[in-house]
Amino acid sequence: MNGRRKNTILGGGCLICCLAGLLIYGSGGIRSAGGEKTLTVGLFSDSYWEVQNGYAYRMLEEAEKAFQKQYPQVQVEFTSGIMKADYSEWLAEQVLSGKAPDVFIILGEDFNDYARTGVLKDLSSFIEKDDSFDLEAYYSSALSAGQYHQIQYALPYECAPKLMFVNKTILDQEGIEMPDNQWNWEEFYQICKKTTRDTDGNGTIDQFGVVGYTWEEAFESNGVRVFNEEGTECSLTGSGAEEAVNFLERLKGLTGEYIATERDFDLGNVVFQPMLFSEFRAYQSYPLSVKKYSGFEWGCIPMPAGPEGENISTLDTLLLAMNERTAMEEEAWAFMKTMTADPKIQKKIFTYSEGVSVLRQVTEADETLEELMEDAGNTESLNLHILSNAVENAAQAPRFRNAQEAVQEVNRAVEAIMEGSTNISSELIIWNRQINQYLAEQQSL
């Protein structure tokens, strides 16, 4: 295990400020500090991926050094002490008081509101005038996370796709081949059906096909986009949604009253589990511990495609934006490029974080595979081509205000439909109406 990671798991962070003495709430302009200019950068102090971290400051130190080679007269100061849970409220307060940092992290659920209300700088002119900046270097899906009405208001810094992790040992024992990257729901179901069984003959199912596969994965892979960009409309009435709920019921019917848990997967008793790549890496020595204590080999593949969809899932993306009111546009743009477009800095994500670089050349590099293997210890388990394709072809996660609450409303709807005995199509229409009413109420707040 690499000594840089031996004790504390790093979060997507890399944007986390652990540097003492850097607490400052930026004013969106030039500030004097011993005759130097100061660029303020807004971050939160815990992990974006919600895991412990201890080395994020190294990422910041290296980015700051790279930036100051170009701008030696500019001091960079980062916020500290703001937790992710409090960050949205804190940033809103800074914006309202006119003290927002020159550059700041923006969470997905806040992005649309800030872009729509003019808080974020339109980056179009910077992109057009900067010959050294290449939009094509980014994964298109990650780049689109920073767009509002086709205008680029933020740059992607780090991302994590959702993949299907597979217990290859069970497949081998059952005489089943590993699915290919274009597999579909029916193949998924048939494998789950064959592998879900009572292996010791005591009358209780102790081997399961899947755990953690929800309506979100089913909808995404069947072409269902539940919410529009603004979060004002919900769409549950199409054939894609009905097919997805029917498929979930089929999967549920394989186990009846027996419900698999993540612990069952850890113990080697489940074939499939969807997981964000960041979650998987956050286990740190997870693959090694699985091999040591449970004795199974694992691999990862894309999500199975529904009849109306593709082998895709949602991409979670961390964004960096510029304050519309900054008086340091040139320096702010240069710092954003350093953090998001400098391959040397982006490479450090695989050392100091659990996420994935937003640059193709970094994620697809041989060095990246070597870095990941230091944690995984299994050269056959990770395929950078699969990882890269999962990022490039991912669906966009909801980015409107109260998106998480809206997702929970859909979750409640799907659970109620699956627990009931009425017509799925009719129930989806009823719930669609209710959720749209909920969204309208949220918009009026």
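## A tour of the salt bridges, starting at K348

Select K348 to begin: with a relative accessibility of 23%, this lysine counts as partly exposed. The model on the screen is a predicted one.

Which residue forms a salt bridge with K348? Add E62 to the selection; the closest N and O atoms of the two residues are 3.9 Å apart. This pair links distant parts of the chain, 286 residues apart. E62 belongs to helix 1 (residues 56–70), whereas K348 sits in the loop between helix 14 (343–347) and helix 15 (349–352). E62 also counts as partly exposed, at 29% relative accessibility.

Next, select K347 together with E367. Their side chains meet in a salt bridge, with an N to O distance of 3.6 Å. Because K347 lies in helix 14 and E367 in helix 17 (residues 366–376), the pair ties together parts that are 20 residues apart in sequence. At 35% relative accessibility, K347 is partly exposed.

Now move to K37 and E331, which form a salt bridge whose closest N and O atoms are 3.5 Å apart. K37 lies in strand 1 (residues 37–42) and E331 in helix 13 (residues 329–341), so the contact ties together parts that are 294 residues apart in sequence. Is each partner buried or exposed, taking E331 to begin with? E331 counts as buried, because its relative accessibility is 7% and buried means under 20% relative accessible area. K37, by contrast, is partly exposed, with a relative accessible area of 30%.

For the following stop, select a group instead of a pair: D113, R116, E230 and R401. These residues are linked in a network of salt bridges. How many salt bridges does a search of the whole structure find? The search finds 15.

The last stop concerns a polar side chain and the backbone. Select T79, which is placed in the loop between strand 2 (74–78) and helix 2 (84–96). T79 counts as buried, with a relative accessibility of 1%. Then add L43 and display its backbone: the backbone nitrogen of L43 lies 2.8 Å from a polar atom of the T79 side chain.

To review the tour, display these selections together:

- E62 and K348, joined by a salt bridge
- E367 and K347, whose side chains meet in a salt bridge
- K37 and E331, joined by a salt bridge
- D113, R116, E230 and R401, linked in a network
- T79 and L43, with a side-chain polar atom of T79 lying 2.8 Å from the backbone nitrogen of L43

Terms used. Residues numbered from 1 in each chain as written. Predicted model: local features only at pLDDT ≥ 70, side-chain atom pairs only at ≥ 80, totals over all residues. Heavy atoms only, no water. Salt bridge = Lys/Arg side-chain N within 4 Å of Asp/Glu carboxyl O. Helix = DSSP H or I, 4+ residues; strand = E, 2+ residues; numbered from the N terminus. Buried < 20%, exposed > 50% of the residue type's maximum accessible area, 1.4 Å probe, protein only. Polar contact = N/O pair within 3.5 Å; in protein donor to acceptor, adjacent residues only side chain to side chain.
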